[in-house]
Amino acid sequence: MYAFSGDESESHAKAGSGPHRALMLLEAPRVAGEYAATRAIDLIAPGRPSGAGRPVLVIPGFRATDAMTGRLRSHLKQHDFRVHGWAQGANIGLTDKRIDGLIARFEEIRDRYDEPISIVGWSFGGVLGRWLAHTYPDDVRQIVCLGSPWRADGEKTRATALFEASRRKYGLSERARPMIDRMRGQVPVPTTAVWSKTDGIVPWRGCVVEESSDPVAENVSVASSHVGMVASPLVLDVVVDRLTQDLADWREFTWRRALLAKWNPLAGRAA
């Protein structure tokens, strides 16, 4: 997926090209339904678990822009988070310009607040979120990765050809390989991996984290398309529930508590 050359990428190529083609073809119609559903639910759901003004950085996936994470960011704003896009235009991969831009953007947001920042990364954006957590462990509160294939065995996806084309057009930073190697280590902050077995772009097994309690690392499986993860009602419920967790009293994710908090905030806190 990350367009590296050599024996490693060749071995991934032999493993296949990602999810079944039928799932990929269903991405577009599923996204439309997920977007419409979450818009409707936002209008009628009485529950509003509060983010208490905590800062959040949302990083888009490969070839995506802040406009494509607008539904997610709007949802988080409704829950009282102070939400920021990455402000780097299209995510074209690990070029020097995008790496330097991400660092500058993160440090800009960090300097604006007197508290650690939560990061929500979609697809390749979650890979970048893992790297930021390794690089700034004291400044990152937690990360939530949405369909992010961080494992080596998850590199071969339906977007691999696009990564390779982007590398040829825009180049690849010399920092790319060390960044990928570093982010594959255990993340030093609470981490939630959200993934879907019906993802039409990336193999879900490449998104799964090894669960632990110190620091917290957890998996949440949802029924969602890949592109629709930034609009799916189920995914947004998970994101809000995780970002509102008390780090000193972390609770394992349950759908019961998340849905109670959404429709009855008082009951949700007691669940």
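**View 1. Cys145 and Cys207 in the predicted model.** Cys145 is buried, at 6% relative accessible area. Cys207 is buried too, with a relative accessible area of 2%. The structure holds zero disulfides. Cys145 takes part in none, and its nearest cysteine sulfur, that of Cys207, is 9.1 Å away. A disulfide requires sulfur atoms within 2.5 Å, so the sulfur of Cys207, 9.1 Å from that of Cys145, is too far for a bond.

**View 2. Helix H5, residues 96–112.** H5 has 17 residues, which at 1.5 Å a residue should span 24 Å. Its end C-alpha atoms are 24 Å apart, in agreement with that value. Arg98, Ile99, Gly101, Leu102, Arg105, Phe106 and Ile109 are buried in H5. They cover an arc of only 165° around the axis, so they sit on the same side of H5. Lys97 and Asp111 are exposed on the other side.

**View 3. Packing partners of H5.** The buried residues of H5 pack against four strands and two helices named here: S1 (55–59), S2 (82–84), S3 (117–122) and S4 (140–146), with H6 (124–135) and H8 (176–183).

**View 4. The largest nonpolar core, with 38 residues.** Leu57 and Leu132 touch the most other members. S1, H5, S3, H6, S4, H8 and strand S5 (191–195) each supply at least two residues of this core. H6 gives the most, with six residues. Nonpolar side chains tend to be buried together in soluble globular proteins.

**View 5. The surroundings of Leu57.** Residues up to four places away in sequence are not counted here. Leu57 touches His84, Gly85 and Trp86. Leu57 also touches Phe106 and Ile109, both buried residues of H5. Ile117, Ser118, Ile119 and Val120 are further contacts of Leu57. Leu132 completes the set.

**View 6. Another core, of 24 residues.** This core lies apart from the largest one. Among its residues are Leu76, Val235, Val238 and Ala258.

**View 7. Thr254 in the loop between helix H9 (233–243) and helix H10 (255–263).** Thr254 counts as partly exposed, because its relative accessibility is 33%. Its side chain reaches the backbone nitrogen of Arg257 at 3.2 Å. Asp241 is 13 residues from Thr254 along the chain. The C-alpha atoms of Thr254 and Asp241 are separated by 9.2 Å.

Conventions. Residues are numbered from 1 along each chain as its sequence is written. This is a predicted model: local features need pLDDT of at least 70, side-chain atom pairs count only at pLDDT 80 or more; totals for chains, interfaces and linings use all residues. Side-chain values use heavy atoms; hydrogens and water are left out. The expected span of a helix is 1.5 Å times one less than its number of residues. Buried means under 20% relative accessible area, exposed over 50%, partly exposed in between (1.4 Å probe, protein chains only). The arc is that of the directions from the helix axis to the C-beta atoms. Contact means heavy atoms within 4.5 Å. A polar contact is a pair of N or O atoms within 3.5 Å; within protein, one must be able to donate a hydrogen and the other to accept it, and residues adjacent in sequence count only if both atoms are side-chain atoms. A nonpolar core is a set of buried Ala, Val, Leu, Ile, Met, Phe, Trp, Tyr and Cys residues joined through side-chain atoms within 4.5 Å.
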